[in-house]
Amino acid sequence: MTVIKQQDFIDSIYDALQYISYYHPIDFVRSLKKAYEREQNPAAKNAIAQILVNSKMCAIGHRPLCQDTGIVTCFVRIGMNVTFEGNMTVEEMVNEGTRRAYCCAENPLRKSVLVDPIGARVNTKDNTPAITHISMIPGDKVEILIASKGGGSENKSKLVMLNPSDSIEDWVLEQLPHMGAGWCPPGILGVGVGGTMEKAAVLAKEALMDPIDIEDLIAKGAETSEEKLRLELYDRINKLGIGAQGLGGMTTVLDVKVKSYPTHAVAKPVAIIPNCAASRHIHFELDGTGPVNLVPPSLDEWPDIELGNADGARRVNLDGITKEEIATWKTGETLLISGTILTGRDAAHKRICDLIAQGKPLPEGVDFKGKFIYYVGPVPAVGDEVIGPAGPTTSTRMDKFVETMLSETGLIGMIGKSERGQQATDSIKKHGAVYLMAVGGAAYLVSKAIKKARVVAFPELGMEAIHEFEVKDMPVTVAVDSQGNNIHLTGPAEWKEKIKQIDFKYIE
């Protein structure tokens, strides 16, 4: 009988969550490097380069890959010949390890978990509780698969109850273009098929824990229905041309993972869950000899990439910027922005718009006239940092606030990640404003462009508070210009056709 000590289990959860906050899985790094090498769209290639450079910076600096350090999902598979020493349940031990990891003073992780999701939505301040799945297996060890999953990719999950005769491939291919770029491609798509509705979703999430091995599968050839579905989806999804960050390009998914389970004769439940460019997961075992020993990967695994486009980029000072100058910016253009910007996410936008609707003034120190707002919820700073990792959040969540912000506050520009909906795009065109896109998955890199930071309003909202940033040469792409041209519509459409023309073989 193997005895697992309570403290060893807790320490292992803590160590694993800290480890994956700054180390990408090496299979992901290798796969992303290959995607970088084959990418032919300069904008998408630059986005992948930023993700890889950010990844290496985080591996060296031990700081989070992304400002959204996720909600923890943990699969615990307990051997039948295992017992635990201590008075805590398995879920309690997972939560304690999570609490310690997210509250670590040397590398604090952003706390994003809320209680009372229907009503008050109050932050738990330690990112607990985790989502824990427990099962029993043969043997005398405990297997643990743990991930910290960001909200941007989780929000793009889809679930359907298909008829037995319906095509899984066709349904998935129908969903991908509507998922937009908020899940920060290129990433991995998990597919769960069978069981019941909730089982399919768990299968899809569990599939994301598997290593990237699509090239091995291509070389071997498909032998099972799961493998055939993987190859079919990998080929057809990449031929959509969505590309890195939705800019259009050669690689949308690095791999497709499929798990299936027996189901009812009249049912075909299917779930898809994407994993983003900040892929964070690890698999380890406990055998009773102590906590897990996680060995740091070799930095030689990361490619040496010099970020390009600086010479061809337009350097812009946002302080005193005019709409006339903004009107000269075109979609797809790279800008290096400097000056003062304000930040704001969902909660701050709602408060601002509520104040406007009530005819009340904005908080002292909050003046959006002639300014840009950056959709970000940063990680707390440590040491001599100005701010912690501060990458963009999904912009579509703020679409419903755009018209009020542009018409009532004097705001002239927005910075975020992923696409804008038609309502927001129409408002941008109407007001001669602009939407700039920063790369999701490059949060630590972006934070180095922030030279000063201070909270100016709503400090009680924590990471959702309004900050004032002073930035220097922050890299962004013009995603929606003042004429309403939208790169997230034109880019994928263009590259879908280009991939056909160059006849690129995803599967030989």
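From which domains does the lining of the second largest pocket draw at least three residues each? In this predicted model, the two contributors are domain 2 (152-277) and domain 3 (314-492), each of which supplies at least three residues to that lining.

The second largest pocket holds about 360 Å³ of space. Its lining comprises 19 residues, and those closest to the centre are Pro177, Gly180, Glu419, His488 and Leu489. Two elements, α13 (422-431) and α15 (487-502), give two or more residues to this lining. Of these, α15 gives the most, with 4 residues. By residue class, the lining of the second largest pocket divides into 7 nonpolar, 8 polar and 4 charged residues.

The largest pocket has a volume of about 1400 Å³. It is lined by 45 residues, of which Ser112, Leu114, Asn123, Met463 and Glu464 are the closest to its centre. Two or more lining residues come from each of β5 (122-123), α5 (151-154) and α11 (346-357). The greatest contribution is that of α11, which gives 4 residues to the lining of the largest pocket. The lining of the largest pocket is made up of 18 nonpolar, 12 polar and 15 charged residues.

An unreviewed UniProt entry places the feature "domain: Fe-S hydro-lyase tartrate dehydratase alpha-type catalytic" at residues 11-284. Over this range the chain is 37% helix and 24% strand. The C-alpha atoms at the two ends of the range are 13 Å apart.

Two sites illustrate buried positions in the model. Helix α6 spans residues 168-175, and its buried residues are Ile168, Trp171, Val172, Leu173 and Gln175. In an α-helix, residues three or four places apart point the same way, because there are 3.6 residues a turn. The buried residues of α6 are covered by elements that include the strands β8 (158-162), β9 (187-194) and β11 (268-275), together with helix α9 (225-238).

The second site is Thr73, which is located in strand β2 (residues 71-79). Thr73 has a relative accessible area of 3% and is therefore classed as buried, the cut-off for that class being under 20%. Apart from neighbours within four places in sequence, the residues in contact with Thr73 are Ile131, His133, Leu145, Ile146, Ala147, Lys205 and Met209.

Notes:
Residues numbered from 1 in each chain as written. Predicted model: local features only at pLDDT ≥ 70, side-chain atom pairs only at ≥ 80, totals over all residues. Heavy atoms only, no water. Buried < 20%, exposed > 50% of the residue type's maximum accessible area, 1.4 Å probe, protein only. Contact = heavy atoms within 4.5 Å. UniProt positions renumbered as here; feature names shortened; annotations may be inferred. 1 Å grid on protein atoms, 1.4 Å probe; cavity = no way out; pocket = protein on both sides within 12 Å on 5 of 7 lines; lining within 4 Å. Points joined across faces, edges and corners; volume = space filled by probe spheres on them. Nonpolar A, V, L, I, M, F, W, Y, C, P; charged D, E, K, R; others polar. Domains from an automatic or database assignment.
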